[in-house]
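Subject: Handover of a structure and notes on its local features

Dear colleague,

Please find below the structure that I am passing on to you. I should be grateful if you would read the notes that follow alongside it.

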Amino acid sequence: MTVSFGARPPAPARLPALIPSVLLALAATAPSLGAQTYPSATDPRNGLKPGLHDAGVAISGMTLVSTTRKPAALDTVRGLTFVNSDLAFRGTTVVVGNFAGFSIYDVSNAARPALLSVVECITSQGDPSVVGTLLFVSAEGGGNRKDCAKGGVKEPSEHMTGVRIYDIANPRAPRLVKNVETCKGSHTHTVVPSPTDRNVVYLYVSGQQGARPESELAGCRNGADPADAGNSLYRLDVIRVPLNRPQDAAVVTGARLFTGLGPAPARGGRSQRARALPGADSAMMAQMNASGPRNCHDVTAYPAKHLLAGACGSYGLLVDISNPEQPVRLDAVADTNFSLWHTAVFSNDGSKVVFTDEWGGGTSPNCQSMHPLEMGGNTTLVIGADRKFRQHAYFKIPTAQGANENCVSHNGSLVPVPGRDIMVQGWYQGGVDVIDFTDADKPMEIAYFDRGPVDAPSPDGAANSRTRGTIGGSWGAYWYNGRIYSAEMARGFDILELVPGPMLSANEIAAAKLVQWGEFNPQSQPEIVWPAAFPVVRSYLDQLVRSEGLGPARSSAISGQLDAAEKATGARRRAMLTRLATEVDADAAVAQKGGKILAMAAAIRELAEATR
């Protein structure tokens with residue numbers, strides 16, 4: 001069940017009277033969402049052998065290129081203190097965040113990544129992003145020191161929460177440039193480039209904590225009014241970073257995105273109550289349910305579309321970031337089946353968003369057979385012409401994980417296959433999943449990689465045991481320049497490659513590999529632009545064959561013409577492709593899947609125009 005709120009919230013003083021009736025009215029028109037069979041009793045991922053480094057493996061549609069164990073300085077298991085967190089990419093280097101620091105790898109040889117450096121610095125949770133030679137690292141929690149020293153915080157003046165900025169011009173010797181402190185710390189952060197100044201980026205900082213006391217950091221204040229400009233609690237901090245003078249980076253504003261949002265609704269318009277389901281509720285979720293959101297867990301920016309998807313407690317937000325210093329909320333959606341909105345991925349055209357639900361905070365075993373499909377998984381929302389969300393299907397991995405495997409949906413990114421909306425995603429100990437959400441009503445799994453649990457099952461075999469094993473699994477899985485990279489919280493760092501199969505052709509994978517970036521921060525989504533190339537055209541043709549959008553004879557004829565054009569050169573190739581594009585345009589006019597055929601015709605024409 002969903003409800004949606006408009007861009008311009010009513011005056012705060014009137015909210016208590018307005019919210020219940022609004023919720024009740026909208027709840028009655030909630031859409032019927034797509035269904036999924038869950039879980040599969042015969043899935044090969046069920047019941048894999050446990051083990052830290054010798055666990056059983058189930059894999060489909062991809063291959064494991066390499067696994068690199070955590071560096072010795074971070075290779076220990078102590079709750080969340082030393083687990084790996086998020087990834088950031090630049091050139092052939094990958095930054096692997098960790099709650100106790102970060103490491104940088106050279107992945108020029110994907111089969112044998114080379115460790116360049118390890119920085120020990122308690123940061124909790126250490127999510128990184130990279131812009132040029134600057135590395136930004138999120139820091140949150142009570143034990144983080146400004147000087148990165150161990151031993152915890154003894155004096156308030158030692159305490160550091162916010163974003164650490166490092167110079168990694170020499171990735172073998174990162175250098176701390178500045179700690180930018182924020183009132184609520186930084187659980188995560190997102191890079192938003194300035195639309196007017198290439199020398200400036202903004203960091204949207206999502207802090208999960210309450211505001212620090214003013215005696216510790218001047219200007220911080222907890223308050224009850226979300227619209228109060230002096231209230232540090234109900235805001236998303238925004239840091240402005242001059243790239244040529246990172247030492248001048250500073251908090252410049254606090255975005256008021258939550259004004260007008262009350263407690264998340266339940267059916268009938270009541271405030272949402274904590275669910276009595278195993279692993280369901282954390283103290284933070286209970287707080288969100290009682291008072292409405294006061295922060296975001298994280299936000300995903302899509303700068304090319306001037307949009308941001310905010311996963312903000314009990315709400316998913318759609319935000320206009322045309323002016324990064326003054327973001328404007330366009331819509332907010334709550335769902336009684338979602339407990340903690342967490343991270344998002346836009347489709348490349350910006351018309352859809354996949355939100356995740358971090359039910360249980362990521363440390364609970366919430367992919368067991370008894371758990372509901374609608375919680376701890378994904379939901380797909382379509383963005384209409386009115387710039388409002390319309391919720392469609394749910395998706396959850398179709399396998400039953402054990403009671404000793406922390407598992408919910410988590411971080412992911414698009415796989416750049418032209419003509420389809422495909423994402424890869426980490427599910428903690430549920431592994432790595434590749435999902436096609438082209439049809440917003442019918443997301444489907446097309447590839448996966450899963451290991452058995454880190455720890456053996458509980459001796460009593462209780463399926464609903466809350467005895468938690470070691471926290472592990474894929475924090476996030478991302479496509480970057482032809483491969484999938486996964487930060488394994490307990491084990492290290494995996495590199496995978498997709499392989500062709502019935503649901504993904506060799507041409508589609510080849511076309512995806514044509515998309516190359518100089519750097520990539522998953523929470524700041526780049527627009528995908530494919531070069532003019534034969535694999536791009538053949539990707540569309542493969543999809544039409546798979547969906548029977550063209551008859552076999554016509555598909556075969558087009559394939560033959562493409563083969564002939566590829567063998568030709570110069571003006572002859574250009575003429576052949578131009579003629580073929582015209583013929584395919586005619587196919588579209590009489591076909592049911594005309595849109596896909598037109599997209600193929602456009603790709604053929606682009607290829608013709610690029611031919612010299």
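The notes below cover the disulfides, a lysine, a helix and some backbone features. Please bear in mind throughout that this is a predicted model.

Disulfides

There are four disulfides in the structure. When the bonded cysteines of the protein chain are numbered in sequence order, they pair as 1-2, 3-4, 5-6, 7-8. Three of these links are described here, among them the one between Cys183 and Cys220.

Cys183 and Cys220 are joined with an S to S distance of 2.1 Å. The link is left-handed, with -90 degrees about the S-S bond. Cys183 sits in the loop between strand S11 (175-181) and strand S12 (188-193), and Cys220 in the loop between strand S13 (200-206) and strand S14 (236-242), so the disulfide ties together parts that are 37 residues apart in sequence. Both ends fall under the 20% cut-off for burial: Cys183 counts as buried because its relative accessibility is 5%, and Cys220 counts as buried because its relative accessibility is 3%.

A further disulfide links Cys296 to Cys312, again with the sulfur atoms 2.1 Å apart. This link of Cys296 and Cys312 is right-handed, with 75 degrees about the S-S bond. Cys296 belongs to the loop between helix H2 (283-291) and strand S16 (298-302), whereas Cys312 belongs to strand S17 (residues 307-312), so the pair connects parts that are 16 residues apart in sequence. Cys296 has a relative accessibility of 0% and is therefore buried; Cys312, likewise at 0%, is therefore buried too.

The link between Cys367 and Cys407 also has an S to S distance of 2.1 Å. The torsion about the S-S bond of Cys367 and Cys407 is about -75 degrees, which makes the disulfide left-handed. Cys367 is in the loop between strand S21 (352-357) and strand S22 (378-383), and Cys407 is in the loop between strand S23 (389-395) and strand S24 (412-415), so this disulfide ties together parts that are 40 residues apart in sequence. Cys367 and Cys407 are both buried.

A buried lysine

The loop between S23 and S24 also holds Lys396. Where is the nearest side chain of opposite charge to this buried residue? It belongs to Asp357, 7.5 Å away, and Lys396 has no salt bridge. A salt bridge would need a side-chain nitrogen within 4 Å of a carboxyl oxygen. The side chain of Lys396 does, however, meet backbone oxygens. That of Met375 is reached at 2.7 Å, and that of Pro372 lies 3.2 Å from a polar atom of the Lys396 side chain.

Helix H4

Helix H4 (residues 534-546) is made up of 13 residues. From its first C-alpha to its last it reaches 18 Å, close to the 18 Å expected at 1.5 Å a residue. Its buried residues are Phe534, Val536, Val537, Arg538, Ser539, Tyr540, Leu541, Gln543 and Leu544. What do the buried residues of H4 pack against? Their partners are helix H3 (506-513), helix H5 (552-567), helix H6 (570-590) and helix H7 (594-610). Just after H4, Glu548 takes a positive phi of about 60 degrees.

Backbone features

Most residues other than glycine have a negative phi, and most peptide bonds are trans. The following places may therefore merit your attention when you inspect the backbone.

The peptide bond that joins Ser124 and Gln125 is cis, with omega about 20 degrees. Gln125 is in strand S8 (residues 125-131).

Cys148, a residue other than glycine, has a positive phi near 65 degrees. Cys148 is in the loop between strand S9 (134-139) and strand S10 (162-167). Its relative accessible area is 15%, so Cys148 is buried.

His306 likewise has a positive phi, near 60 degrees. The loop between S16 and S17 is where His306 is found. Is His306 buried or partly exposed? With a relative accessible area of 35%, His306 is partly exposed.

Yours sincerely

How values were computed. Residues are numbered from 1 along each chain as its sequence is written. This is a predicted model: local features need pLDDT of at least 70, side-chain atom pairs count only at pLDDT 80 or more; totals for chains, interfaces and linings use all residues. Side-chain values use heavy atoms; hydrogens and water are left out. A disulfide is a pair of cysteine sulfur atoms within 2.5 Å. Helices (H or I, at least four residues) and strands (E, at least two) are DSSP runs, numbered from the N terminus. Buried means under 20% relative accessible area, exposed over 50%, partly exposed in between (1.4 Å probe, protein chains only). Lys and Arg count as positive and Asp and Glu as negative; His and the chain ends are not counted. A polar contact is a pair of N or O atoms within 3.5 Å; within protein, one must be able to donate a hydrogen and the other to accept it, and residues adjacent in sequence count only if both atoms are side-chain atoms. The expected span of a helix is 1.5 Å times one less than its number of residues. Contact means heavy atoms within 4.5 Å.
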